[in-house]
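This briefing covers salt bridges, helix packing and one residue environment. The sequence and the model are shown first.

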Amino acid sequence: MRNFDSEGTPQSGTPRHAEPRLVVPRVRPLDTNDELAQALAAVRVELKLPTEFSAEVEEAADAAVAAFEPPELDLTSIPFVTIDPEGATDLDQALYLERAGETLRVMYAIAEVPAFVLPGSLVDAEARKRGQTLYGPDDRVPLHPTIISEDAASLLAGATRPAFVWTFDLDAAGSVIATTLVRAQVRNRRQYNYVEVQELLDNDRADESLSLLPEFGRLRTELERQRGGASLNRPDEEVAVVDGQYVIERRASLPIEDYNAHVSLMTGMEAARIMLEGKVGILRTMPAPDDETLEQFRRQVASLGCPWPENQNYGEYLRTLDHSDPRALAATHAATSLFRGAGYTPFDGELPEDTIQAAVAAPYAHATAPLRRLVDRFVLVACEAIVAGRDVPKWVREALPQLPKIMGRTSQLASQFDRSSVDVIEAALLRPRVGDEFEATVVSERGDGGVIQIADPVITARISGMVSAGATVRVRLVSAEIATGTIEFELV
């Protein structure tokens, strides 16, 4: 049930290349009175998650929406579209691609949340407490009141909305040769989901804009490979309801998801470049794994039967892994040790010593999800001011030193929420099978036991006893407690 991605929230336009995170699928319990629903609710209570917004915050959000004045620049003639998971309503990004002479042009509209979240307002204060939208299997805890996040600021189909509009011109190799950023009104022509776009591409029925995405994605993937970027692209493992029962389904990501992710990744890299040139902003950074960690990983994957060639960087090695092979899944699990230490690095005047996000293999900033992540709002305002030749607003500069602590605290909470929710769901899935035996692969050794990967159902769990990484073992499910989210296996 555990997957990895870079942004910390299950959203569209998210690079699958940067750092590990847990993904919890959103499936509402079949019965709000059943034991699973009660256990999920208890997780929220235990973690003291926010519930509704106060009446004062809702009133402030209503007032901000009522007082909103749209930007003067009108780009509603550009046929932007969004590509999001089915049913999404908090739409951060819309895109449009075209040929511009010899160049490939990518236009990317990002929801202009600062138009509705005014500095020093009650909505701003509440957003700084929450830090990010928290996603659970049964519901979510939004960063902003829904009148903003799912209405006035969301790039909904058919609606005119304010946006930060990025325009990137790319050369024949896919490198960015020119970037502009303006505030403008835009209109989303259509909200697609990933399956719809993939089917259009596969059947040669996509319009000119969407038909350019595969070319763009391939070019940017090659650039990522050349600069040594790395990705943990494990198959998505999602909870679904089949015949009234919860099951776990494994789904490989569609090509369109990676193409779309590269638009966001490129935007974050350009945002970092702009802020570094302007000498004010905040980066998403992550240190490269040290030699000892790399050597340990090399030994571990060799023991799993997936040796890492000496002349290959770890990013390229991870791309070669076949996730239909349990040993390769185990090697990917081991690779999480290479993606640690991510944080936020603010600066104002003096450039930071460390500017690289190691998995991206370049400076990088979070800039494409302001509806769902606090830091993006400040990055977008800073970048727009720098590009326009204005001073970055004082309220942005004053907030920069505070943002790492806020995002660190709320990211830790998001991980706890994910982990606890997944544990509860796994226990619910497995409880009818207490006493059953399963074949498992040992993905790592831990103290007096290890971590095992069961293929059917897809479960990762700890086990006690003498085990060796890469070995195939037979285990028996001893217990599965929904209320506590605990499962126990024993070696057979």
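Glu-215 and Arg-99 form a salt bridge in this predicted model, with 2.5 Å between the closest N and O atoms. Glu-215 belongs to helix 7 (residues 213-227) and Arg-99 to strand 2 (residues 93-100), so the bridge ties together parts that are 116 residues apart in sequence. Over the whole structure, the search finds 28 salt bridges.

**Salt bridge Glu-215 to Arg-99: accessibility**
- Glu-215 has a relative accessible area of 27% and is therefore partly exposed, as that class runs from 20% to 50%.
- Arg-99 also counts as partly exposed, at 42% relative accessibility.

**Salt bridge Arg-377 to Asp-124**
- Arg-377 pairs with Asp-124 in a salt bridge whose closest N and O atoms are 2.9 Å apart.
- This pair links distant parts of the chain, 253 residues apart: Arg-377 sits in helix 12 (residues 374-388) and Asp-124 in helix 3 (residues 122-130).
- Arg-377 is buried because its relative accessible area, 1%, falls under the 20% limit.
- Asp-124 is likewise buried, with 3% relative accessibility.

**Salt bridge Glu-437 to Arg-476**
- A salt bridge joins the side chains of Glu-437 and Arg-476, at 3.1 Å from N to O.
- Glu-437 is in strand 14 (residues 437-446) and Arg-476 is in strand 17 (residues 472-481), so parts that are 39 residues apart in sequence are tied together by the pair.
- Glu-437 counts as partly exposed at 34% relative accessibility, and Arg-476 counts as partly exposed at 26%.

**Salt-bridge network**
- Five residues are named in a network of salt bridges: Asp-90, Asp-92, Arg-140, Glu-150 and Arg-372.
- As general background, side chains of opposite charge can pair when their charged atoms come close.

**Packing of helix 2 and helix 3**
- Helix 2 (residues 55-67) packs with helix 3 at an angle of about 120°, and the axes are 8 Å apart.
- The arrangement is oblique, because an angle of about 120° lies outside the ranges for roughly parallel, roughly perpendicular and roughly antiparallel.
- On the helix 2 side, the contact involves Glu-56, Val-57, Ala-60 and Ala-61; on the helix 3 side, Leu-122, Val-123 and Glu-126.
- The residues of this contact divide into 5 nonpolar, no polar and 2 charged.

**Packing of helix 1 and helix 14**
- Helix 1 (residues 35-46) and helix 14 (residues 403-430) have axes that come within 10 Å and cross at roughly 165°.
- Helix 1 is therefore roughly antiparallel to helix 14, as angles over 145 degrees are classed that way.
- The two helices, helix 1 and helix 14, make a right-handed crossing.
- Helix 1 contributes Leu-36, Ala-39, Leu-40, Val-43 and Arg-44, which meet Phe-417, Ser-420, Ser-421, Val-424, Ile-425 and Ala-428 of helix 14.
- By class, the residues of the contact of helix 1 with helix 14 are 8 nonpolar, 2 polar and 1 charged.

**Surroundings of Ala-127**
- Ala-127 is a residue of helix 3, and is buried with a relative accessible area of 0%.
- Apart from neighbours within four places in sequence, Ala-127 is in contact with Leu-143, His-144, Leu-374 and Arg-377.
- One of these contacts, Arg-377, also forms the salt bridge with Asp-124.
- Ala-127 and Arg-372 are 245 residues apart along the chain, with their C-alpha atoms separated by 9.7 Å.
- Arg-372 is also one of the residues in the salt-bridge network.

Notes: Residues are numbered from 1 along each chain as its sequence is written. This is a predicted model: local features need pLDDT of at least 70, side-chain atom pairs count only at pLDDT 80 or more; totals for chains, interfaces and linings use all residues. Side-chain values use heavy atoms; hydrogens and water are left out. A salt bridge is a side-chain nitrogen of Lys or Arg within 4 Å of a carboxyl oxygen of Asp or Glu. Helices (H or I, at least four residues) and strands (E, at least two) are DSSP runs, numbered from the N terminus. Buried means under 20% relative accessible area, exposed over 50%, partly exposed in between (1.4 Å probe, protein chains only). Axes are lines fitted to C-alpha atoms, for helices over the stretch in contact, and angles run from 0 to 180 degrees between N-to-C directions. Angles under 35 degrees count as roughly parallel, over 145 as roughly antiparallel, 65 to 115 as roughly perpendicular and the rest as oblique. Contact means heavy atoms within 4.5 Å. Ala, Val, Leu, Ile, Met, Phe, Trp, Tyr, Cys and Pro count as nonpolar, Asp, Glu, Lys and Arg as charged, and the others, Gly among them, as polar. A crossing is left-handed if the near helix is turned anticlockwise from the far one by less than a right angle, and right-handed if clockwise.
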